[in-house]
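Visitor: Please give me a close look at a single part of this model: one helix and the places it leads to. I work with computed structures, so please state each cut-off once.

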Amino acid sequence: MMGKALFITGTGTDVGKTYVTGLIVRKLRQAGLNGGYYKAALSGAVPDANGELQPGDALYVKHVAEIEEPIRNLVTYVYPEAVSPHLAAEINHRPIDFKRVKKDFERAKSRNDYLTMEGSGGIICPLRWDNQQHMLLDDLVKRLHLGVLIVADAGLGTINGTVLTVEHLRAREIPVRGIIFNKYIPGDIMQDDNASMIEEMTGVKILAYVKKGDTELDIDIDMLKNLYA
Ligand SMILES: Nc1ncnc2c1ncn2[C@@H]1O[C@H](COP(=O)(O)OP(=O)(O)OP(=O)(O)O)[C@@H](O)[C@H]1O
Ligand SMILES: [Mg+2]
């Protein structure tokens with residue numbers, strides 16, 4: 001039996017995709033559901049004392065959500081350079097092979113009823129750009145038939161980043177499941193206006209608000225489950 005999956009993108013790098021994904025998978029697992037994590041390509045991995053590259057995002061989510069699977073199941077390509085995956089792949093002569101990602105993704109889906117897949121960077125992130133192939137992250141999302149949840153920083157600049165992300169996903173006919181606001185400050189007039197402007201302009205709901213340091217995700221579990229397909 002194949003599990004269901006959800007893709008997490010962000011309005012950019014560092015907006016809190018991994019942080020929020022940790023809370024999502026934790027919530028699912030605390031509800032007794034089999035929630036898992038997968039990331040296709042991770043760059044900026046720091047080597048440990050033995051020189052082994054540490055896939056930070058996967059390690060973080062494994063820890064927060066208490067995932068039992070070994071780390072090698074959670075991420076396919078790991079590069080040390082903190083640059084876009086297409087460039088890290090080129091530097092290391094290790095191009096991202098879609099067939100391999102698909103295989104690892106399908107395996108992860110067969111092991112987990114609710115698989116959360118984290119993207120790299122924002123939705124327009126080049127994964128491969130060589131003589132053989134041009135592949136962006138949105139191509140991968142389309143080819144894996146995933147719906148998308150957008151993590152956005154609640155602060156200044158988010159109307160632009162979030163609305164552009166929604167419009168691009170729609171142009172590519174990728175289902176948008178919702179938005180999560182991160183680093184939200186309750187009562188902040190601008191952030192509350194950002195939220196209502198984004199909802200009005202896109203018609204997409206902000207499903208949860210994550211504050212700095214939150215250790216639980218405030219979202220109805222059935223609503224969360226329904227984001228997966
Ligand atoms: N709500 C939060 N409270 C406290 N720290 C946060 C929160 N959200 C994000 N951070 C911190 O901000 C940094 C960036 O967040 P995170 O790694 O989740 O971003 P990302 O979107 O996954 O980045 P990348 O594009 O590298 O995958 C991390 O150090 C993370 O711990
Ligand atoms: Mg991340």
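Guide: Happy to. A residue is called buried under 20% relative accessible area, exposed over 50%, and partly exposed in between, using a 1.4 Å probe and protein chains only. Two notes on conventions come next. Residues are numbered from 1 along each chain as its sequence is written, while chains are lettered from A and ligands numbered from 1 in the order in which they are written. The model is predicted, so local features need pLDDT of at least 70 and side-chain atom pairs count only at pLDDT 80 or more, whereas totals for chains, interfaces and linings use all residues; side-chain values use heavy atoms, with hydrogens and water left out.

Our part is helix H2, residues 56–65, where Asp 57, Ala 58, Val 61, Val 64 and Ala 65 are buried. These residues lie on the same side of H2, because they cover an arc of only 140 degrees around the axis. That arc is taken from the directions from the helix axis to the C-beta atoms. Helices (H or I, at least four residues) and strands (E, at least two) are DSSP runs numbered from the N terminus. As general background, an α-helix has 3.6 residues a turn, so residues three or four places apart point the same way.

What does the buried side of H2 pack against? Its partners are H1, strand E2 (35–42), strand E5 (75–78) and strand E6 (114–118). Contact here means heavy atoms within 4.5 Å.

Let's walk along the helix, starting with Asp 57. Leaving out residues up to four places away in sequence, Asp 57 touches Thr 18, Tyr 37, Lys 39, Leu 42 and Glu 118. From Asp 57 to Tyr 38 the C-alpha distance is 9.7 Å, with their positions 19 residues apart in sequence.

Leu 59, also in H2, is partly exposed because its relative accessible area is 32%. Its contacts, neighbours within four places in sequence aside, are Gln 54 and Ile 71. For a sense of scale, Leu 59 and Thr 158 are 28 Å apart, C-alpha to C-alpha, and 99 residues apart in sequence.

Further along H2 comes Val 64, which counts as buried because its relative accessibility is 16%. Beyond residues up to four places away, Val 64 touches Gly 22 and Arg 26. The C-alpha atoms of Val 64 and Gly 22 are separated by 5.8 Å, although the two are 42 residues apart along the chain.

H2 is then followed by Glu 66, with a positive phi near 50 degrees. In general, most residues other than glycine have a negative phi. Asp 14 also has a positive phi, of about 70 degrees, and is not a glycine. Asp 14 belongs to the loop between strand E1 (4–10) and H1, and it counts as exposed because its relative accessibility is 69%. His 93 is another non-glycine residue with a positive phi, near 50 degrees; its place is the loop between helix H3 (85–91) and helix H4 (98–111).

Two residues that came up with Asp 57, Thr 18 and Glu 118, lead us to ligand 1. This ligand is surrounded by 17 residues, the closest being Thr 13, Lys 17, Thr 18, Tyr 19 and Gly 213; a residue is near a molecule if one of its heavy atoms lies within 4 Å of it. Helix H1 (residues 17–30) gives the largest share of this shell, 3 residues. By type the shell divides into 3 nonpolar, 6 polar and 8 charged residues. Here Ala, Val, Leu, Ile, Met, Phe, Trp, Tyr, Cys and Pro count as nonpolar, Asp, Glu, Lys and Arg as charged, and the others, Gly among them, as polar.

Which atoms pair up with ligand 1? One of its oxygen atoms is 3.1 Å from a side-chain N or O atom of Glu 118, and an oxygen atom is 2.9 Å from a polar backbone atom of Tyr 19. A nitrogen atom of ligand 1 lies 2.8 Å from a polar backbone atom of Gly 213. Taken alone, ligand 1 exposes 630 Å², and the protein buries 72% of that, with areas from the Shrake-Rupley method.

How values were computed
Polar contact = N/O pair within 3.5 Å; in protein donor to acceptor, adjacent residues only side chain to side chain. Areas by Shrake-Rupley, 256 points an atom, 1.4 Å probe, with all protein chains shown as cover.
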